[in-house]
There are 2 protein chains.
Amino acid sequence: MLKQEKKLNSWFVDTFNRISKVEQRALNEGILEEISLNELHTIEAIGIEGPQTMSEVAARLLVTVGTLTISVNRLVKKGFVWRYRPEDDRRVVMVLLTEKGKDAYKLHQDFHGKMIKSVLAELDKNEEKVLLHTMEKIHDFFVALDVSLQEQNKEKAEKINKEKIR
Amino acid sequence: MLKQEKKLNSWFVDTFNRISKVEQRALNEGILEEISLNELHTIEAIGIEGPQTMSEVAARLLVTVGTLTISVNRLVKKGFVWRYRPEDDRRVVMVLLTEKGKDAYKLHQDFHGKMIKSVLAELDKNEEKVLLHTMEKIHDFFVALDVSLQEQNKEKAEKINKEKIR
DNA sequence: GAAACCTTTTTGATTATCAAAATAATTAAA
DNA sequence: TTTAATTATTTTGATAATCAAAAAGGTTTC
C-alpha cells in the first residue's frame, strides 16, 4: 500500500470501529437503555413498513435464521416485537414492531439522522458530492465482493461434501 | 432526513453490516482459516512495529484489557503472538507477533490494500483528493463524538455511584 | 398418502464482551 | 523501611451473538 492508501485504510478501520462504539454508548438513554445495539439493529431490520418473515429479516441482517430466532425471542419478551404465524401459510413466522418497538426505531432513526447531518455539516458542497459518490461505490463494491465470496465458499463447501461422500 | 441523507445513511448501514461479513468470508483460506475475524483484528492492532503493552492494544481496539487477555491467550496458544513481562517494569505485559503472526498480518494488510485500491480505482484524481480530506474529517468527527459520549457516560455512572453511597 | 420440500426453532458449542474482584509489581509516604 | 496508594494485568461470573446441524411443524407434489 502507498502512504496515502495506508492513511485512508486506517481512517476507514478506525472510523468503522468507532461508529459501533458510538452507537453503543449513545444507547444509554430512555427506552434504549434496555436493549443492546444488536437488538436495536434487529428492530431496524424489521422496520415499520409492516410484517416481515423471519427469513427476510435474517437476510437483511446477514445472519442465519437461527441466530435471529434468539434475538427475536428476547425482543418479544421485552415487548418490542410481535410474532405470529399467518393462517394462509403456517410454515412462516411474521414479525412486526409493537408501539414500543416503533418508538425505539424512531429514536434510532433520529440518532442516525443527526449523525449524518453532523457529518455533512463538516463538508462543503463539493465534498458532499464526492462523499455520496464514493459511498455508493464502496457500498456496491462490498455487495459484489460479498456475493462472490459467498459463492466461492459455497462451492468449496460442496467440494468438501462430495469428498466426504466418496 | 432528506432523501440524500437517507441514501447516505442506508449505504453506511448496509456497508457496515457487510464489511465484517466480507472479511469473515475472506478468512476462509490458508493460515487465516484457523483464526476468527476478531483475532485477526487483534493481530492487526498489535502490529509489526515491535512490542506493545496490553493496555495500548486494548485502547486501539476499544475493548477492556480483560477482553484482550482472553483473545491473546488463544493467539498465544495458536502461535500467532508472544507474550512476556519486561525486566525493568514487571507490572506490564508486552505482546508481539511471531513470524506466523506477521504472516497473518501481512495477508490481512494485502486484503485491505486490495479493498482500498478497488475503491480508489473508481475515482478520478480530484475525487481521490477530496475523499482523503473528507475521510480525515469524518474520522476526527467520530473520534470526538466517541470521546464526548464516553465522558458523558462516565459522569452518569459516577452520579449513580454517589447516589448509591448516600 | 408418502415423499420431497420449505420455514423456523432447538441444540450444542464457541467466541466476544463487560464489570468487578483478585493478583502482582512499583512508587510514594510516613 | 514497612505501609499505603497506585498501576497493570488476569481471573471470575455472567450475558449476548453466532453458526451448523438436527428436529419439528407445515405444504406441495406425485
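**How the two chains meet, pack and face the DNA**

In this predicted model, 49 residues of chain A are in contact with 48 residues of chain B (contact: C-beta atoms, placed from the backbone, within 7 Å). Local features need pLDDT of at least 70 and side-chain atom pairs count only at pLDDT 80 or more, while totals for chains, interfaces and linings use all residues. Residues are numbered from 1 along each chain as its sequence is written, and chains are lettered from A, with ligands numbered from 1, in the order in which they are written.

Q: What makes up the side of chain A that touches chain B?
A: Helix 1 (3–26), helix 5 (99–121) and helix 6 (125–165) of chain A each give two or more residues, and helix 6 gives the most, with 21 residues. Helices here are DSSP runs (H or I, at least four residues), strands are E runs of at least two, and both are numbered from the N terminus.

Q: How do you know that the copies meet through the same surface?
A: Of the interface residues of chain A, 96% are also interface residues in chain B, so the same surface is used by the copies.

Q: What is the relation between chain A and chain B?
A: A turn of 179° and a shift of 0.4 Å along the axis lay chain A on chain B with an RMSD of 0.7 Å (least squares on C-alpha atoms of residues with pLDDT of at least 70 in both). That is how a two-fold axis relates copies.

Q: Why is helix 2 of chain B called largely enclosed?
A: Buried means 20 or more other C-beta atoms within 10 Å of a residue's own, with C-beta atoms placed from the backbone. In helix 2 of chain B, 7 of the 10 residues are buried, so the rest of the structure largely encloses it. Among them are Leu40(B), Ile43(B) and Ile46(B).

Q: Which helix supplies the largest share of the largest nonpolar core?
A: A nonpolar core is a set of buried Ala, Val, Leu, Ile, Met, Phe, Trp, Tyr and Cys residues joined through C-beta atoms within 7 Å. This one has 24 residues, and Leu40(B), Ile43(B) and Ile46(B) are among those touching the most other members. Helix 2 of chain B supplies the largest share, 4 residues.

Q: What makes a residue near DNA strand C?
A: Its C-beta atom, placed from the backbone, has to lie within 6 Å of the strand. 21 residues surround DNA strand C, with Ser55(A), Gly66(A), Asn38(B), Thr67(B) and Arg90(B) the closest. Helix 4 of chain B gives the largest share of that surface, 4 residues.

Technical notes. Contact = placed C-beta atoms within 7 Å. Buried ≥ 20, exposed ≤ 12 C-beta atoms within 10 Å, placed from the backbone.
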